Amino acid sequence: MTDKALFPVRIAHAVADKLAAELVSTTAQIEIAGSLRRKKPFVHDIDMVVLPSGDGSAFKVALETLMQRGSLTQIRDGDKIKVFMAAKTGIPIDIYIASRETFATLLLIRTGSKEHNIKLALRARELRMKLRASGDGIEDAEGAVLRIGSEEEIFRLLDMPFAAPEQRG
């Protein structure tokens, strides 16, 4: 097993902030997630959750432009996750593509930590619900996906006090 590289938060945040600034005009919502959002001093990668504007074509063009410019190197191009490497720093970047219905849950799951996500999933199970590990929502006892508008709403639904990202491990 190989160890992943660690990057100082200052450098990772500079890369994430610059990328978000490049993409913001093509998105309805964009948030930095993961260990950066949890304010860890060192990170393995950058996680972002994005809700592209309109049909998503402007977002795709913006990513293509960043690749053509040499700012990003694409590693994987999926419908729900796009993986890049920041050219100058070598920091891996995971961009998770959300819909309006999944943005809050995807942001929660992608912020983590893994242990915190397990705690939330177990609480959902206690309430006969299911927190989808993919970030695709929360199912009620009958299997219907609930409409969730915010992370705070998820905590209320699970009858748990809200935990700020830096309190999530």
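This passage describes a five-stranded sheet and two pockets in a predicted model. Residues are numbered from 1 along each chain as its sequence is written. Because the model is predicted, local features need pLDDT of at least 70, side-chain atom pairs count only at pLDDT 80 or more, and totals for chains, interfaces and linings use all residues; side-chain values use heavy atoms, with hydrogens and water left out.

Helices (H or I, at least four residues) and strands (E, at least two) are DSSP runs, numbered from the N terminus. Two strands pair if DSSP finds at least two bridges between them. On this basis, five strands form an open sheet with the order 2-4-7-6-5 and mixed pairing. Strand 2 (27-33) and strand 5 stand at the edges with a single partner strand each, so one side of each is left without a neighbour in the sheet. On average, neighbouring strands of this sheet are turned by 25 degrees against each other, direction ignored. Angles run from 0 to 180 degrees between N-to-C directions, and axes are lines fitted to C-alpha atoms, for helices over the stretch in contact.

Strand 6 (residues 81-86) has five of its six residues buried, where buried means under 20% relative accessible area, exposed over 50% and partly exposed in between (1.4 Å probe, protein chains only). Strand 6 runs antiparallel to strand 5 (residues 72-77), and five bridges join the two. A hairpin with three residues connects strand 5 to strand 6. Arginine 76 stands opposite valine 83, and aspartate 77 has lysine 82 as its bridge partner. Strand 6 is also joined to strand 7 (residues 92-97) by five bridges, again antiparallel. Here lysine 82 is paired with isoleucine 95. The hairpin of strand 6 and strand 7 has five residues between the strands, and its glycine 90 takes a positive phi near 80 degrees.

Helix 3 (residues 57-68) lies across strands 2, 4, 5, 6 and 7, at about 130 degrees to strand 5; contact means heavy atoms within 4.5 Å.

A pocket is an open set of points on a 1 Å grid over the protein atoms alone, where a 1.4 Å probe fits, with protein on both sides within 12 Å along at least five of seven lines; lining residues have an atom within 4 Å of a point. A volume is the space filled by probe spheres set on the points, which are joined across faces, edges and corners. The largest pocket has a volume of about 500 Å³. Its lining has 21 residues, and Ile109, Arg110, Ser113, Lys114 and Asn117 are the closest to its centre. Helix 5 supplies the largest share of this lining, four residues. The second largest pocket has a volume of about 320 Å³.
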